[in-house]
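User: I am new to this structure and would like a close look at a single part. Please take one helix and follow it out to whatever surrounds it.

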Amino acid sequence: GESRPETLAFPARPLGTAPPAAAVRAMKHIALKARAGEKQLAIVTGARGEGRTHFLEFIARRLTGEWGFKHGAIAGDLALIQDTPEKEPGEPCDFALLDDRGDEPLLSCYVMDYVCQAIERCNLVVIATDASAPRLAEEIRGEFSKREIAVKEISLPAPGMVEKRRILSRA
């Protein structure tokens, strides 16, 4: 299989398929604006277990491959409360990706802090969160409207039953 970068802080899911093309196109449009120097914040929503982590992993590869980004910070929400050397400011980054896998309200202050700090260092910040837990997304939209940074939304559709069976048969 494909090896993952050491900085990848959330588990890979070898789904073997690309995420929905419309979501990838939307993300590419956002990423290219960020690469051109415009601050971009994207919230990717989808149901739990429906491919948000896979989407972030796919996008991370595209960002550093085809879309011309050099270095990114990638984290899962639980990594935000751990005291690790990776959390210390290091080399500048082009993008930051955050997988809010836990959807834990008690961690939302850490997530918000991370997003606020990341947008200061990077032109592109992408957070993936559960569509059934809209509170964090609302808080992010509110905070960033004060900063006059537009928040783009990408909604991942749930895979159909045929696609789910195919994915599960590969696991």
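Analyst: Helix α3 covers residues 108-121. Its 14 residues reach 20 Å from the first C-alpha to the last, close to the 20 Å expected at 1.5 Å a residue. The model is predicted, and a word on confidence comes at the end.

Which residues of α3 are buried? They are Ser-108, Val-111, Met-112, Tyr-114, Val-115, Cys-116, Ala-118 and Ile-119. In an α-helix there are 3.6 residues a turn, so residues three or four places apart point the same way. One of the buried residues, Cys-116, has a relative accessible area of 14%; the cut-off for buried is under 20%.

Glu-120 is another matter: this residue of α3 is exposed, with a relative accessible area of 59%. Its partner in a salt bridge is Arg-147, and the closest N and O atoms of the two are 3.2 Å apart. Arg-147 sits in the loop between α4 (135-146) and β5 (151-155), while Glu-120 belongs to α3, so this pair ties together parts that are 27 residues apart in sequence. Arg-147 is partly exposed, at a relative accessible area of 32%.

Arg-147 also meets Glu-143 in a salt bridge, at 3.1 Å from N to O. Glu-143 is partly exposed, with 23% relative accessibility. Together with Lys-146, the residues Glu-120, Glu-143 and Arg-147 are linked in a network of salt bridges. The count for the model comes to six salt bridges. Among them is one between the side chains of Arg-62 and Glu-66, also given as 3.1 Å from N to O. Arg-62 is partly exposed at 24% relative accessible area, and Glu-66 is exposed at 58%.

Past the end of α3 comes a loop with a cysteine. How many disulfides does a search of the whole structure find? It finds one, formed by Cys-93 and Cys-122 with their sulfur atoms 2.5 Å apart. Cys-122 lies in the loop between α3 and β4, and Cys-93 in the loop between β2 and β3, so the disulfide ties together parts that are 29 residues apart in sequence. A disulfide is a covalent bond between the sulfur atoms of two cysteines. Both Cys-93 and Cys-122 are buried.

The loop that holds Cys-122 leads from α3 to β4. Strand β4 takes in residues 124-130, and seven of its seven residues are buried. Are its faces covered or open? Both are covered: Leu-124, Val-126, Ala-128 and Asp-130 are buried on one side, and Val-125, Ile-127 and Thr-129 are buried on the other.

Strand β4 has two pairings to describe here. With β1 (residues 40-46) it pairs in the parallel sense over seven bridges, and within that pairing Ile-127 is the bridge partner of Ile-43. With β3 (residues 95-99) it pairs in the parallel sense over five bridges; there, Asp-99 stands opposite Ala-128.

Strand β3 also gives a way to a more distant part of the chain. Phe-95, in β3 (residues 95-99), has its C-alpha 7.0 Å from that of His-71, although the two are 24 residues apart in sequence. His-71 is placed in the loop between α2 and β2 (72-76) and is partly exposed, with a relative accessible area of 27%.

For comparison with α3, consider helix α2 (residues 52-64). Its 13 residues should span 18 Å at 1.5 Å a residue, and its end C-alpha atoms are 19 Å apart, which agrees. Ten of the 13 residues are buried, so α2 is largely enclosed by the rest of the structure. The buried residues include His-54, Phe-55, Leu-56, Phe-58, Ile-59 and Leu-63, and also the charged residues Arg-52 and Glu-57.

Finally, confidence. The chain averages a pLDDT of 77, and 69% of the residues score at least 70. Among the elements, helix α1 (residues 21-35) has the highest mean pLDDT, 95, and helix α5 (residues 161-170) the lowest, 60. Over residues 1-15 the pLDDT stays under 50, and the model has 30 contacts beyond four places in sequence for this stretch. Where pLDDT is low, the predicted coordinates should not be read in detail.

Key: Residues numbered from 1 in each chain as written. Predicted model: local features only at pLDDT ≥ 70, side-chain atom pairs only at ≥ 80, totals over all residues. Heavy atoms only, no water. Buried < 20%, exposed > 50% of the residue type's maximum accessible area, 1.4 Å probe, protein only. Helix = DSSP H or I, 4+ residues; strand = E, 2+ residues; numbered from the N terminus. Pairing = 2+ DSSP bridges. Expected span 1.5 Å × (residues − 1). pLDDT = per-residue confidence, 0-100. Contact = heavy atoms within 4.5 Å. Salt bridge = Lys/Arg side-chain N within 4 Å of Asp/Glu carboxyl O. Disulfide = S-S within 2.5 Å.
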